[in-house]
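Please examine the sequence and structure shown below. The report that follows is intended to be read beside them.

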Amino acid sequence: MNIPAPFASPTRPNLLLPEGPALVAAHGRAALLDPDGVLHSLSAEEAAHKLRRLPPPLLVHAPATFRRLGMPRLPCQDLLDLFAFVLPAHPAAPSPRGLALALGEIAPGRGLEAEAALLPRLAEMLLERLAAARAMPRNENAAGLAALMGRAGWGWARFVMAALDRPSEPPSPEGLRVWRRLPEWEESAPPPPPASHPVPAADARARLAEMLGAGAEPRPGQSDYAAATTDAFAPREAAGSPRIVLAEAGTGTGKTLGYIAAASLWAERNRGPVWISTFTRHLQRQVEAELARLYPEPALRRRRVVVRKGRENFLCVLNLEDAVTAAQGRETTALIPLGLIARWAGASADGDLLGGDLPGWLAELFGPATILGLADRRGECIHAACTHWRRCFVEHTIRRAREADLVVANHALVMVQAAWGGLDDASVPLRYVFDEGHHLFDAADSAFAVELSGASMAELRRWLLGAEGSRSRARGLALRIEELLGEKPALKEALDQTLAFARALPVPGWQGRIGEPDAPQLFAANPAENFLREVRAQVRARAADEADAPEADLHPIAAPLAAAGTSLARALARLERPLRALAQGLAARLQDEAETLEQTSRLRIEAAIRNLARRALAPLTAWQEMLRQLEAPPPPPEKKPKQVHFLRLDRRDGRESDAALLRYWLDPTEPFAATLGTSAHGLLVTSATLRDAGRADAEAAWRAAEARTGAAHLPGPASRVSVLSPFDYAKQTRAFIVTDVSISDIAGLAAAYRALFLAAGGGALGLFTAIRRLRAVYPHLAAALEEAGIPLYAQHVDAMDNATLVDIFRTEEESCLLGTDAMRDGVDVPGRALRLVVFDKVPWARPDILHRERRRHLSDGEPGAYDDRIARLRLRQAFGRLIRTATDRGAFVLLDRRMPSRLLSAFPEGVAVRRVGLAEAVSEVRAFIAKDP
């Protein structure tokens, strides 16, 4: 291959810059700035031909660039690599415009040619930044690290070393060993319990005004909302009966700052944390960003605010060390992403790999497994036994959260915490704010469901036995706890029995065998695999073959499945006994040796007991309860069940990948209310869409909201608050239902999206009710849109997390974004970046077995109204993405001609929804968006 000869920067002679061309690609075409400074507009074929004869090109986001050109990846100089090295833990959208904005450069003009012309300047700016910061402590080992990455094939190595003025630095692994430079946490005394002083409404109004500042636009609704939320922070009057407020705040109310006002005052006055819970990681970061209004000074904000997530979201420093050791031993290209991760870890605020300050696009550049494999996603943490325990990002976060005023979490984590009486410690908060409260039902549904599947059983086997001969770094139970057993033969025997009985769980490779009626005798004798085969047989016999995830009722049970379930239940009971003996024996050590156990050993034993309970004993107990249902008589169809059991096959890329017996609560807010009701003193549940706007009976609408949020299962009455949106929807929006598009015709559906997106000139969010339909439409759109200078991004297609996709969409005002549920709910993109929402069809609930049972038993005898309520709430959320400020304007288009008129009440008052043909919708959208406000 050609090697670019470096040349000196015209403004900084000591800098070296690549001599290769600059390349920006759209689908099927490209702009190329050649080494002589000549700009070329090329077809994909012409670009491929030129690139093979030129030095490696300078570009942004290599995988996307070459994918758009339809060509295999070539050696290149990706500016994202350089950005991640020079400015670790800094945000930037992965596009030329995004990098320009992150560097304070004037954003390029519209078009590929303008972006290509900018790339050399971006490279120069990044290297200048590095040169200016060469004396900073974070760059002490940067040159040796760059040299090591260069030996692994990193094209930026010599340019980085020149910018650091150390062009001959020998390769050194010290830059990878970031764990040696991470700060250690120190233990502090347990916090005392918080007081119970109330928050007066007037004080909440005053705090809100203080956050907004003197020049803020008056918002009486926001101030009223802040005052009303204070009831959730009043003293609890009876044990087991928390104060609860249901607060519906129309879009634009400013509810986040409203509840922050009351929550922050309660935390400060009572010296206890308030946990603010959202539905997704992306929304957690949105709330965290809003908190800068309360605590503008970063150091103070870090002390007062903590973002809590599950352990699986954070960098495991031990996993990083293992990965570095393995990569150095083989000197593979894995050293390149590991070098960038090490740079990030040294600069990160909290080590959050998913949705934190690690750029989401790194996973697309180097593969998701490279990034996700560095987290503890399998519950294998060895806690105090780890050499990096006192530098652990998770442990830092746990301790900061104990002393914080506001902890920003997510619904799933909060429910797990309440169910277990604490997460990594025994602390359970007393005050909660549930933002996006309309999602509590769905979050509880996931949190309290149980799945007996091949994947879940195989995961337990892996947790107990380790990697079983593979090259994985997975550690088995013996490696994690053997040192904790002491001189206790009974405990060692229990461990040996556990490892022996764990072999009844699915053997590696099980996915390829569950569909084989004549599996090898060795595996046919495995009770878990035999059970999975019988689950598959019953589902295939009774479900519709065309379903993506075919399901079948558990009853009536086929005789072979019942027999296989009995056999598996016996195997699980044999496994449970020695595991329980291990947990009990370790607990006895804590008591019997209380005076002699070192603190480190005590902490390790406590963690081991906790992990045995959560990772092994809890699922084993639940699985055996589920298997007993196979022996029980079938329940009468008319009887309202507490829980729903059914069977399912999972398919991936058209192939069967798993089989499962599942158990869901009919009403999952029951266990949610039961777990939080015993500990919480106050709950604020808030959303723009708590109530169904289609209910003529306001009281019935509130009762339905109480049922969906769990308030109906709490002993005390809920306070009800409603604040209308301040927006003029009649003036700011247009809404259309297209009557001549068939959603079953993918080509026609794609043509409708394409025409509407072009009419808006980009700035469009395309929503889909099914991932499969999104993926089918995407190829029909990409080339045509990008030919018009409109970049297209897509959830489930681009391997970036949702937060990164939204950042790109917000930055690139002419871009379009496709997404499903996560993009429909809670995405905040104000201004011209979002001026059109196109929805493929009415978002009915998925007609599966679980929904069948719920619409029958939870609908008060009106199953059709139950379906309508779900659809209306989803339509309200989708429409709510469109207008985020008083100056926004936009159009909403639904491509489903079957939209019933009774659902139109989902739209805000003043919105006139018109049924029109596609051509008229396109014309109206173009005219409305082009019109001056």
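The sections below treat a sheet, two cavities and several salt bridges in turn.

## The parallel sheet

This is a predicted model. In it, an open sheet is formed by 7 strands, arranged in the order β10-β11-β9-β12-β17-β8-β18, with parallel pairing. The edges are occupied by β10 (305–307) and β18 (719–723), each of which pairs on one side only. On average, and with direction ignored, neighbouring strands of this sheet are turned by 20 degrees against each other.

At one edge, β10 pairs in the parallel sense with β11 (residues 406–410), over 3 bridges. Within this pairing, valine 306 has valine 407 of β11 as its bridge partner. In general, the strands of a sheet pair through backbone hydrogen bonds, in either a parallel or an antiparallel manner.

## The largest cavity

The model contains 3 cavities of 30 Å³ or more. The largest cavity holds about 120 Å³ of space. It is lined by 13 residues, and those closest to its centre are Cys381, Arg480, Ile481, Ala608 and Asn611.

Helices α21 (477–481) and α26 (599–628) each supply at least two residues of this lining. The greatest contribution to the lining of the largest cavity is that of α26, with 5 residues. Divided by class, the lining of the largest cavity comprises 9 nonpolar, 2 polar and 2 charged residues.

## The second largest cavity

The volume of the second largest cavity is about 50 Å³. Among the residues that line it are Ile244, Leu440, Phe672, Leu683, Thr709 and Leu714. Two elements, α27 (669–677) and β17 (682–687), give two or more residues to the lining of the second largest cavity. The largest share, 4 residues, comes from α27. Strand β17 is also a member of the parallel sheet described above.

What is the make-up of the lining of the second largest cavity in nonpolar, polar and charged residues? The lining of the second largest cavity has 9 nonpolar and 3 polar residues, and no charged ones.

## Salt bridges

Side chains of opposite charge can pair when their charged atoms come close. The model has 62 salt bridges. One of them joins glutamate 174 and arginine 180, with the closest N and O atoms 3.0 Å apart. Arginine 180 has a relative accessible area of 49% and is therefore partly exposed, since the exposed class begins over 50%.

Another salt bridge links arginine 540 to glutamate 656, and here the closest N and O atoms are 2.8 Å apart. Because arginine 540 lies in helix α24 (residues 527–542) and glutamate 656 in strand β16 (residues 655–665), the pair ties together parts that are 116 residues apart in sequence. Both partners count as partly exposed: arginine 540 has 43% relative accessibility, and glutamate 656 has 23%.

## A loop-to-loop pair and a network

Aspartate 828 and arginine 884 also meet in a salt bridge through their side chains, at 3.0 Å from N to O. Aspartate 828 lies in the loop between α33 (821–824) and β23 (836–839), and arginine 884 in the loop between α35 (863–880) and β24 (890–894), so this pair ties together parts that are 56 residues apart in sequence. Aspartate 828 is partly exposed at 25% relative accessibility, and arginine 884 is partly exposed at 22%.

Salt bridges that share partners also join Glu187, Arg311, Glu395, Arg399 and Arg402 into one network.

Terms used:
Residues numbered from 1 in each chain as written. Predicted model: local features only at pLDDT ≥ 70, side-chain atom pairs only at ≥ 80, totals over all residues. Heavy atoms only, no water. Pairing = 2+ DSSP bridges. Axes fitted to C-alpha atoms, helices over the stretch in contact; angles between N-to-C directions. 1 Å grid on protein atoms, 1.4 Å probe; cavity = no way out; pocket = protein on both sides within 12 Å on 5 of 7 lines; lining within 4 Å. Points joined across faces, edges and corners; volume = space filled by probe spheres on them. Nonpolar A, V, L, I, M, F, W, Y, C, P; charged D, E, K, R; others polar. Salt bridge = Lys/Arg side-chain N within 4 Å of Asp/Glu carboxyl O. Buried < 20%, exposed > 50% of the residue type's maximum accessible area, 1.4 Å probe, protein only.
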